[in-house]
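Here are some notes to read with the structure open beside you. Take the points one at a time and find each spot as you go.

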Amino acid sequence: MAAAVRPCAGFCRAGWQPTFQLVRHGSKSVTRHWKPMHFMRQKLMAVTEYIPPKPAIARECMPPTNAVKEEHDFEKFLRRQVEKIFLENNMIAVCQYNYAPGGEITLVEYRLRKYNIHAKYFPNKIVRRVLVESKFKNLLPLFVGRNVMLVSPETRAREMLRILKSIPQFNLLGGCIDNTLLSKEGFSKYANLPSLETTQGAVVGSLSALSSQTSTILQRGPSHLTSLLDQYVKQQTDNGAETKEGGNS
């Protein structure tokens with residue numbers, strides 16, 4: 001063994017290094033091996049597993065406990081716009097909005113604007129926040145799904161219904177006119193009412209008729225009394241003439 005090592009030592013002294021050296025490292029001992037759990041321990045773990053108690057009310061029936069989120073600036077802007085619409089317009093109609101090509105919707109909005117009726121699109125969550133705190137909270141059930149509001153500072157119910165008859169994409173659900181809540185049938189009945197000018201003319205005519213009848217009734221008594229007195233005077237004159245003729249004969 002010593003003889004085998006010496007030549008290597010001689011070569012190393014001369015400056016020659018072997019191109020391949022075997023370096024042996026110490027073996028690593030593995031202390032942990034995976035072992036399956038004993039069957040009895042598996043049964044014990046299954047029996048002693050913690051089962052949380054079930055709530056008295058189902059989770060689906062409990063109200064959401066989401067934290068109140070602050071409104072973004074854009075949401076505040078939309079909310080102010082909705083509040084302005086309910087304050088400045090006398091007619092607000094809520095319609096269900098179905099899909100339609102953009103060109104048809106533009107044509108419908110143009111036809112509505114001829115009568116000063118404007119279509120407004122807002123997210124339902126923004127409109128519902130405004131309605132909860134206002135006197136129009138009974139309109140909340142109408143804002144489900146895709147909706148559009150047809151608003152006007154004037155009461156143009158008749159013109160609006162005439163245009164909506166030719167538009168199947170807009171289905172009228174209800175709304176309010178002059179702070180009065182109306183259903184779809186209520187809008188139809190309101191549209192069939194006569195105009196304000198016609199109603200005013202009818203009222204003036206009925207009042208003038210009543211005044212003329214009153215004057216006629218008041219004049220009937222004196223004129224009847226006058227005719228009765230004339231007839232009485234005539235009878236007395238005829239009787240006096242007859243008595244004179246009888247005395248002369």
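1. What pattern does the chain follow when read along the sequence? It goes α-α-α-β-α-β-α-β-α-β-β-α-α. That gives you 8 helices and 5 strands to look for. Keep in mind that this is a predicted model.

2. Now for burial. Of the 249 residues in the chain, buried ones make up 21%. Strand 3 (residues 147–152) is a good place to see what that looks like: 6 of its 6 residues are buried, so the strand is largely enclosed by the rest of the structure.

3. Stay with strand 3 and check where its side chains go. Asn147, Met149 and Val151 point one way, while Val148, Leu150 and Ser152 point the other way. Both sets are buried. As background, side chains in a regular strand alternate between the two faces of the sheet.

4. Which strands pair with strand 3? Strand 1 (residues 91–97) is one of them, running antiparallel to strand 3 over 6 bridges. To find the pairing on screen, look for Ala93, which stands opposite Leu150 of strand 3. Strand 2 (residues 118–120) is also antiparallel to strand 3, joined by 3 bridges. Here the spot to find is Lys120, opposite Met149 in strand 3.

5. Next, hop over to strand 4 (residues 170–177) and strand 5 (residues 180–183). These two pair in the antiparallel sense over 4 bridges, with Cys176 standing opposite Leu181 of strand 5. Together they form a hairpin, with 2 residues between the strands.

6. Have a good look at the loop between strand 4 and strand 5. Asp178 lies there, and its phi is positive, about 55°, although Asp178 is not a glycine. Asn179 sits in the loop between these strands too, and it is another residue other than glycine with a positive phi, near 60°.

7. Are those loop residues buried or exposed? Asp178 has 43% relative accessibility, so it counts as partly exposed. Asn179 has a relative accessible area of 53%, and because the cut-off for exposed is over 50%, Asn179 is exposed.

8. Last stop: charge on the surface. Which residues form the positive surface patch? Arg111, Lys114, Arg158 and Arg162 do. Take Arg158 as your way in: it lies in helix 6 (residues 157–164). With 42% relative accessibility, Arg158 counts as partly exposed.

Terms used:
Residues are numbered from 1 along each chain as its sequence is written. This is a predicted model: local features need pLDDT of at least 70, side-chain atom pairs count only at pLDDT 80 or more; totals for chains, interfaces and linings use all residues. Side-chain values use heavy atoms; hydrogens and water are left out. Patches are made of residues with over 30% relative accessible area and no salt bridge: like charges are joined within 9 Å, nonpolar side chains (Val, Leu, Ile, Met, Phe, Trp, Tyr) within 5 Å. Accessible areas come from the Shrake-Rupley method with a 1.4 Å probe; for residues, only the protein chains shown count as cover. A salt bridge is a side-chain nitrogen of Lys or Arg within 4 Å of a carboxyl oxygen of Asp or Glu. Lys and Arg count as positive and Asp and Glu as negative; His and the chain ends are not counted. The place of a charge is taken as NZ of Lys, CZ of Arg, CG of Asp or CD of Glu. Buried means under 20% relative accessible area, exposed over 50%, partly exposed in between (1.4 Å probe, protein chains only). Two strands pair if DSSP finds at least two bridges between them.
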